[in-house]
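Could you walk me through this structure, one region at a time? I am new to reading protein models, so please explain the terms as they come up.

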Amino acid sequence: MKLTAKHIIKTTNLSIGYTSKNEVKTIASNLNIDLNAGNLVCLLGKNGIGKSTLLRTITKVQPSLHGTIFINSNKLETLSNTNLAKMLSLVLTERLPDSSLTVFELVALGRQPYTNWIGYLTTEDLHIIKLAFEKTNTKHLTNYKCYELSDGQLQKVLIARALAQNTPIIVLDEPTAHLDLHHTINTFSLLKNLASEFKKTIIISTHEVNLALQLADELWLMTPSKFITGKTSELIKNNDLNLLFESNLISYNKTLNQFTISNS
């Protein structure tokens with residue numbers, strides 16, 4: 001298989017799911033991804049269709065059932081956890097466990113793949129951490145305890161930690177799931193700017209389909225019948241967006257460039 005320097009993530013005939021008590025449950029199969037570097041990608045699909053499972057699989061949180069995953073031209077299974085942590089950072093939806101960590105300490109953990117065994121922060125580490133706070137507008141939160149943050153503040157701080165990790169790929173699983181409209185738009189805008197300014201590949205699973213249509217460079221659609229990837233304009237042209245919902249009540253309106261609810 002030929003991979004170019006631009007291929008940041010590639011999968012071939014990927015099957016995802018779970019194995020328990022000698023029983024294999026396949027969630028989705030034959031997933032073929034060919035993603036170039038520097039794009040903002042939105043992963044769309046209904047609840048339970050496998051979005052989180054896909055993200056957890058391509059980030060090595062759980063094993064694939066079949067197929068091959070390449071991260072920056074390296075087979076995923078050949079990468080050590082440390083080397084993978086220098087290529088990819090992950091922001092999950094789970095709340096943090098109770099702890100007395102400050103916001104600074106949490107963001108500084110993003111430098112862990114690069115520090116020595118005692119976690120000593122160099123001048124360069126501190127510079128990168130400072131930049132992460134500045135770019136996410138969270139510098140004023142550095143001395144707060146993590147449990148003191150609102151959901152919106154915590155999401156920004158977790159993105160700051162991912163920035164401090166300084167990886168070419170950032171993967172976020174429903175980063176706006178618990179946020180109001182203001183913080184949702186703010187988070188999407190922040191991620192779009194980070195992808196543009198730092199040429200990072202940012203992958204977001206989300207239910208915010210209309211925001212995804214406005215901001216994503218590329219869409220990954222998980223539908224009951226197939227898995228579709230491509231530029232947003234291409235998927236609109238091919239009417240692929242109408243496969244997202246199995247109901248006639250919701251459809252994509254090309255004139256308005258958004259999903260609308262039918263009056264009938």
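Just after helix H1 comes Lys60, whose phi is positive, near 70 degrees. Helices (H or I, at least four residues) and strands (E, at least two) are DSSP runs, numbered from the N terminus. H1 spans residues 51–58, and 6 of its 8 residues are buried, so the helix is largely enclosed by the rest of the structure. Here buried means under 20% relative accessible area, exposed means over 50%, and partly exposed lies in between (1.4 Å probe, protein chains only). The buried residues of H1 are Lys51, Thr53, Leu54, Leu55, Thr57 and Ile58.

A word on what you are looking at: this is a predicted model, in which local features need pLDDT of at least 70, side-chain atom pairs count only at pLDDT 80 or more, and totals for chains, interfaces and linings use all residues. Residues are numbered from 1 along each chain as its sequence is written, and side-chain values use heavy atoms, with hydrogens and water left out. The pLDDT is the predictor's confidence in each residue, from 0 to 100. The protein chain has a mean pLDDT of 89, and 95% of its residues reach 70 or more. Over residues 1–5, however, pLDDT stays under 50. Where pLDDT is low, the predicted coordinates should not be read in detail.

Now find Ile8, which lies in strand S1 (residues 7–20). With a relative accessible area of 6%, Ile8 is buried. Its C-alpha atom is 5.8 Å from that of Ile71, although the two are 63 residues apart along the chain. Beyond its neighbours within four places in sequence, Ile8 has contacts (heavy atoms within 4.5 Å) with residues including Phe70, Ile71, Pro168 and Thr201.

Thr201 also touches Asn39, a residue in the loop between strand S2 (23–36) and strand S3 (40–44). Asn39 counts as buried because its relative accessibility is 10%. The side chain of Asn39 reaches the backbone oxygen of Asn36 at 3.2 Å.

Another loop, between helix H5 (151–165) and strand S7 (169–173), holds Thr167. Is Thr167 buried or exposed? At 1% relative accessibility, it counts as buried. Its side chain makes a polar contact with the side chain of Ser89 at 2.9 Å. A polar contact is a pair of N or O atoms within 3.5 Å; within protein, one must be able to donate a hydrogen and the other to accept it, and residues adjacent in sequence count only if both atoms are side-chain atoms. Among the other residues that Thr167 touches are Ala85, Tyr114 and Lys200.

Ala85 leads us to the largest pocket, which has a volume of about 230 Å³. Of its 14 lining residues, the closest to its centre are Ala85, Leu109, Gln112, Pro113 and Gln165. On a 1 Å grid over the protein atoms alone, a pocket is an open set of points with protein on both sides within 12 Å along at least five of seven lines, a cavity is a set where a 1.4 Å probe fits but cannot get out, and lining residues have an atom within 4 Å of a point. Grid points are joined across faces, edges and corners, and a volume is the space filled by probe spheres set on the points. H5 gives the most to the pocket lining, with 4 residues.

Finally, the largest cavity has a volume of about 130 Å³. Of the 14 residues lining this cavity, Thr93, Arg95, Asp151, Gln155 and His178 are the closest to its centre.
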